[in-house]
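This report describes the helix packing, the nonpolar core and two backbone outliers of the structure shown below.

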Amino acid sequence: MSLAYLLGQSTKFVWYSTHYLISFKYATPIKIDRENPPPFFKKMPSGKKLFYEMLKLFNEERKLINQKKYKIPKTNVKDFTNAFKGSFNFFMDLPKIDKRRTQNKFNDLEEDKDLPKYFLRNFHYQTDGYLTENSANLYEFQVETLFSGSAATMRRFSMIPMIDFVKSKGENLSFLDIGTGSGEFIKTIKYNFPKLNVTCSDISKAYLDVAKKKLKNFLDIKFNNCKGEDLPFKDKSFDIINSVYLFHEVPSAIRSKIFSEISRVLKKDGIFILTDSLQLGDNHILDPLLEFFPYSTHEPYYSKFIREDLVNTAKKFNLKMYYSKNAYLTKTLAFKKI
Ligand SMILES: C[S@@+](CC[C@H](N)C(=O)[O-])C[C@H]1O[C@@H](n2cnc3c(N)ncnc32)[C@H](O)[C@@H]1O
């Protein structure tokens, strides 16, 4: 298993980091005042240090898989064709992203009275924001490129607290995912916990539709197009709630509302698993990179996110943190509803 795992991850790393390097070379350089650079700029980790941190992540996951903690869905022919299709679409889209970035244009989206202003933006300067099928189809490739092929691994650390919870309660549990996006991680969830009663939710109808297509073989999954801060579910409906890479993309006040809604729809002793970006102080080597991120792309709420005391905010809504684990550039926190 170790050899197969290492081979798979190395291939992914080479494929996506090549895309990263080509896009970096192609892109207009990010404007930094060289005379008076931001304080974090001189402390940026070298490529070697980053590579070492990523290797630690892969080695940790290799051990988890050897211990049979969880399984990775098998790669099939479709994954390879998708990789080439994704590569083509990724490069076709790059000039548009670069143009938006150099002009700092992050709101070329149409008004939609049903969607909040904070959401109607070209996050990461991406084409169509989160509003179209094209954007949803490109999303996974873009995320894997940003993280040089480590995104799926980092997300999988969300399953660790889930594994222990399911072991103690049995698998017949209700599970809600908030901000499902194009659904990649849910495949892994269903592969590992086939009996879990899964509901996927997202504010973006287009992303949820792509998730639906991707997950069509799992007939029991439910889909709900809704906001995390206004969940259309009854009080105490879920045993497990999960959210990956959503919290850094909303303003602080919305984050609090999402915590409040999670607390409302979670059963007593149920768990909420929050997997998102590392925050400042979690790994000092990577701190400068976290500060650089909103410089290099459109992430309007990220600087506040990396400074917010999430544990304390959650506590205000009866969610008590009992688990915390860093996974390279990501961190998983698990909370119990008390
Ligand atoms: C960065 S993506 C993360 C997607 C996926 N969970 C992943 O692991 O890649 C953020 C997702 O959250 C959704 N989203 C943003 N604001 C939201 C909100 N207030 N309520 C629900 N979903 C939201 C977006 O539409 C997008 O699909």
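## Core, helix packing and backbone

In this predicted model, Ile-241 touches Leu-176, Ile-178, Ile-262, Leu-266 and Phe-272, leaving aside residues up to four places away in sequence. The largest nonpolar core has 67 residues, and those touching the most other members are Met-154, Ile-241, Ile-262 and Phe-272.

Helix H1 covers residues 2–26; at 1.5 Å a residue its 25 residues should span 36 Å, and the end C-alpha atoms are indeed 36 Å apart, so the two values agree. Gln-9, Lys-12, Tyr-16 and His-19 are buried in H1. The partners against which the buried residues of H1 pack are helix H2 (47–66), helix H3 (77–102) and helix H4 (133–146).

Two of these partners, H3 and H4, pack with their axes 9 Å apart and at an angle of about 80°. H3 is therefore roughly perpendicular to H4. On the H3 side, Gly-86, Asn-89, Phe-90 and Asp-93 meet Leu-138, Phe-141, Gln-142 and Thr-145 of H4. By class, this contact comprises three nonpolar, four polar and one charged residues.

Most residues other than glycine have a negative phi. Two exceptions are tabulated here.

| Residue | Phi | Location | C-beta neighbours inside 10 Å |
|---|---|---|---|
| Lys-236 | near 55° | loop between strand S3 (222–225) and strand S4 (238–244) | 13 |
| Asp-269 | about 70° | strand S5 (residues 266–277) | 11 |

Because of its 13 neighbours, Lys-236 counts as partly exposed, whereas Asp-269, with 11, counts as exposed.

Key: Residues are numbered from 1 along each chain as its sequence is written. This is a predicted model: local features need pLDDT of at least 70, side-chain atom pairs count only at pLDDT 80 or more; totals for chains, interfaces and linings use all residues. A nonpolar core is a set of buried Ala, Val, Leu, Ile, Met, Phe, Trp, Tyr and Cys residues joined through C-beta atoms within 7 Å. A residue is buried if 20 or more other C-beta atoms lie within 10 Å of its own, exposed if 12 or fewer, and partly exposed in between; C-beta atoms are placed from the backbone. Two residues are in contact if their C-beta atoms, placed from the backbone, lie within 7 Å. Helices (H or I, at least four residues) and strands (E, at least two) are DSSP runs, numbered from the N terminus. The expected span of a helix is 1.5 Å times one less than its number of residues. Axes are lines fitted to C-alpha atoms, for helices over the stretch in contact, and angles run from 0 to 180 degrees between N-to-C directions. Angles under 35 degrees count as roughly parallel, over 145 as roughly antiparallel, 65 to 115 as roughly perpendicular and the rest as oblique. Ala, Val, Leu, Ile, Met, Phe, Trp, Tyr, Cys and Pro count as nonpolar, Asp, Glu, Lys and Arg as charged, and the others, Gly among them, as polar.
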